[in-house]
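Colleague: Please give me a close look at one part of this model, then add whatever else is worth a glance. Keep the sentences short.

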Amino acid sequence: MRADELSALWSAHSTVVVYHDTIDATGDKTGSERRTPSACAEAIEEIVGLVRRFGKGRIRASRVLITADHGFLFQASALEPVDVLSEPAHGDQIVVKNRRYVLGRGLRDHPAFTHWPSAELGLDGDLQVQIARSLHRLRLPGAGLRFAHGGATLQEVVVPLVTLTR
């Protein structure tokens, strides 16, 4: 946006949310997932540049919060067979399955998964959740194992919050 457009935006609103997708857009694609570290560096540069623009001219943002919607796992080297679960999720009905979690009904307990009924997660309904333990990924057709998100590891659940104030 031009400076006058940015100023008009800030004048009309007390809060502005900027969605930035460089890391996911790079990591979620098989052809580019190896570039995730450089996408992280690029994202930081772009966000720092944006924050600088928020502090200049007529905008003068007094408080900027920077956070993420989730973390992710990235492994530069090829995954070993032990990094991928050989055991698939089993249940009466699998509704959603990706490399890190399964949603379904009648999911069966297994040592490779952490299992929660909806009520334990504060959710309505009868869906159950299973998340691959540790850094493991679920085996799915196709490539793209190096970048994954959606699990319950520290890297995926705890997200940073940077607060900049004047």
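Modeller: What follows starts with a sheet and then turns to two other spots. The model is predicted, so local features need pLDDT of at least 70, side-chain atom pairs count only at pLDDT 80 or more, and totals for chains, interfaces and linings use all residues. Residues are numbered from 1 along each chain as its sequence is written, and side-chain values use heavy atoms, leaving out hydrogens and water.

The sheet is open and has 4 strands (DSSP runs of E, at least two residues, numbered from the N terminus). Their order is β4-β5-β7-β6, with antiparallel pairing. Pairing requires at least two DSSP bridges between two strands. The edges are β4 (93-97) and β6 (113-117), each paired on one side only. Neighbouring strands are turned by 25 degrees against each other on average, direction ignored. Those angles use lines fitted to C-alpha atoms, on a scale from 0 to 180 degrees between N-to-C directions.

Start with β4 and β5. They form a hairpin with 3 residues between them. They run antiparallel, joined by 4 bridges. Lysine 97 stands opposite valine 102 in β5. Next, β5 (101-105) pairs with β7 (128-132), also antiparallel, over 4 bridges. Here tyrosine 101 faces isoleucine 131 in β7. In a regular strand the side chains alternate between the two faces of the sheet.

Now threonine 67. This residue lies in strand β1 (63-67). Leaving aside neighbours within four places in sequence, threonine 67 is in contact (heavy atoms within 4.5 Å) with Val159, Pro160 and Leu161. The side chain of threonine 67 reaches the backbone oxygen of proline 160 at 2.7 Å. Proline 37 is 30 residues away from threonine 67 in sequence, and their C-alpha atoms are 18 Å apart.

Last, valine 157. This residue sits in helix α4 (154-157); helices are DSSP runs of H or I with at least four residues.

Methods:
Polar contact = N/O pair within 3.5 Å; in protein donor to acceptor, adjacent residues only side chain to side chain.
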